[in-house]
Amino acid sequence: LRQKLAGRCPTVPEALELTEDRSGAIFSFACRAGGRLARADRRVISSLGRYGRHIGMAWQIAEDLATISGMSSEQLEDLAANDRPNLVVCLGAEIDPGIASDWTALTRDPDPGRAERLIERVLASGAVERGRERMHWEAWSARKTLQTGLEPSPHREVLDHIAGTLLT
């Protein structure tokens with residue numbers, strides 16, 4: 001997918017797929033590995049994997065939200081030069097198609113002024129609020145997975161607390 005996206009702004013589904021393939025997969029693996037080390041049964045390991053995928057995506061979205069809110073034009077130029085789209089930029093492009101054009105232009109020709117205008121457009125588009133909604137959905141899904149897949153325990157409470165911090 002990454003090669004297919006080179007030089008253009010991904011759609012929101014493509015950006016979410018990248019998020020799931022990166023952070024979602026890493027967190028899912030870590031949670032499943034913990035279950036295996038604890039000799040949990042397959043149902044619990046599967047639930048831990050789903051929890052990890054959701055919490056990994058929520059974490060990545062939280063990072064994207066924090067990044068775009070405090071990002072400098074140089075940081076955005078670096079993301080564009082390395083074809084590393086931020087989900088919030090992609091959400092903004094869905095609202096304001098000019099954001100996608102600006103992103104594409106920035107991947108081809110780094111320009112601090114264009115990068116600064118792009119940040120302003122993304123922030124003005126309402127994409128941060130949409131990103132926050134998606135982060136909350138992922139954190140809620142992680143919590144729901146725990147409630148339906150794991151018996152009550154101190155370990156489940158800790159995992160639930162982690163997800164709950166992303167809902168505030």
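**Figure 1. The lining of the largest pocket combines seven nonpolar, four polar and one charged residue.** Welcome to the first close-up, taken from a predicted model. The pocket shown here, the largest one, has a volume of about 200 Å³. Its lining includes the glycines Gly34 and Gly35, along with Ser153, His155 and Arg156. Cys31, Ala38, Ala40, Val44, Leu48, Leu150 and Leu159 also take part in the lining. Three helices, α2 (12-37), α3 (42-70) and α9 (154-165), each give at least two residues to this lining. Two of the lining residues deserve a second look. Cys31 has a relative accessibility of 16% and counts as buried. Leu150, which sits in the loop between α8 and α9, is buried as well, at 12% relative accessible area.

**Figure 2. The whole chain is helical in its regular elements, with nine helices and zero strands.** Before moving further in, here is the setting for the other views. Following the sequence, the elements read α-α-α-α-α-α-α-α-α. The C-alpha trace spans about 55 × 30 × 20 Å along its principal axes. Of the 168 residues in the protein, 45% are buried. How confident is the predictor, on average? The mean pLDDT of the protein is 92, and 96% of the residues score at least 70. Among the elements, helix α8 (residues 127-149) has the highest mean pLDDT, 97, while helix α1 (residues 2-5) has the lowest, 61. A friendly word of care goes with that last value: where pLDDT is low, the predicted coordinates should not be read in detail.

**Figure 3. Phe27 and Trp59 make up the one aromatic pair counted in this model.** The two rings are tilted, with 5.7 Å between their centres and 35° between their planes. Phe27 belongs to helix α2 and Trp59 to helix α3, so this pair links distant parts of the chain, 32 residues apart. Are the two partners buried or exposed? Each falls in between: Phe27 is partly exposed at 26% relative accessibility, and Trp59 is partly exposed at 38%. Phe27 also has a second contact of interest for anyone tracing the backbone. Its C-alpha atom is 7.2 Å from that of Ile55, a residue 28 positions away along the chain.

**Figure 4. Cys9 and Cys90 place their sulfurs 4.1 Å apart.** Which cysteine sulfur is closest to that of Cys9? The one in Cys90 is, yet the separation of 4.1 Å is too far for a bond, because a disulfide needs the two sulfur atoms within 2.5 Å. A search of the whole structure finds zero disulfides. Cys9 itself is buried, with a relative accessible area of 9%.

**Figure 5. Arg39 has a positive phi of about 60°.** Where is this residue? Arg39 lies in the loop between α2 and α3. Most residues other than glycine have a negative phi. Arg39 is not a glycine, but its phi is positive all the same. With a relative accessible area of 76%, Arg39 is exposed.

**Figure 6. Leu146 in helix α8 is a buried residue.** Its relative accessible area is 1%. For a sense of distance, consider Leu146 together with Arg22. The two are 124 residues apart in sequence, and their C-alpha atoms are 22 Å apart in space.

**Figure 7. Gly164 and Leu150 give two pictures of how sequence separation relates to distance in space.** Gly164 is in helix α9 and is buried, with a relative accessible area of 16%. How far is the C-alpha atom of Gly164 from that of His136? The separation is 9.1 Å, with their positions 28 residues apart along the chain. Leu150, in the loop between α8 and α9, can be paired with Ser125 for the second picture. These two are 25 residues apart along the chain, and their C-alpha atoms are separated by 39 Å.

Terms used. Residues are numbered from 1 along each chain as its sequence is written. This is a predicted model: local features need pLDDT of at least 70, side-chain atom pairs count only at pLDDT 80 or more; totals for chains, interfaces and linings use all residues. Side-chain values use heavy atoms; hydrogens and water are left out. Buried means under 20% relative accessible area, exposed over 50%, partly exposed in between (1.4 Å probe, protein chains only). On a 1 Å grid over the protein atoms alone, a cavity is a set of points where a 1.4 Å probe fits but cannot get out, and a pocket is an open set with protein on both sides within 12 Å along at least five of seven lines; lining residues have an atom within 4 Å of a point. Grid points are joined across faces, edges and corners, and a volume is the space filled by probe spheres set on the points. Helices (H or I, at least four residues) and strands (E, at least two) are DSSP runs, numbered from the N terminus. Ala, Val, Leu, Ile, Met, Phe, Trp, Tyr, Cys and Pro count as nonpolar, Asp, Glu, Lys and Arg as charged, and the others, Gly among them, as polar. pLDDT is the predictor's confidence in each residue, from 0 to 100. Rings of Phe, Tyr and Trp (its six-membered ring) pair if their centres lie within 6.5 Å; planes under 30 degrees apart count as stacked, over 60 as edge-to-face and the rest as tilted.
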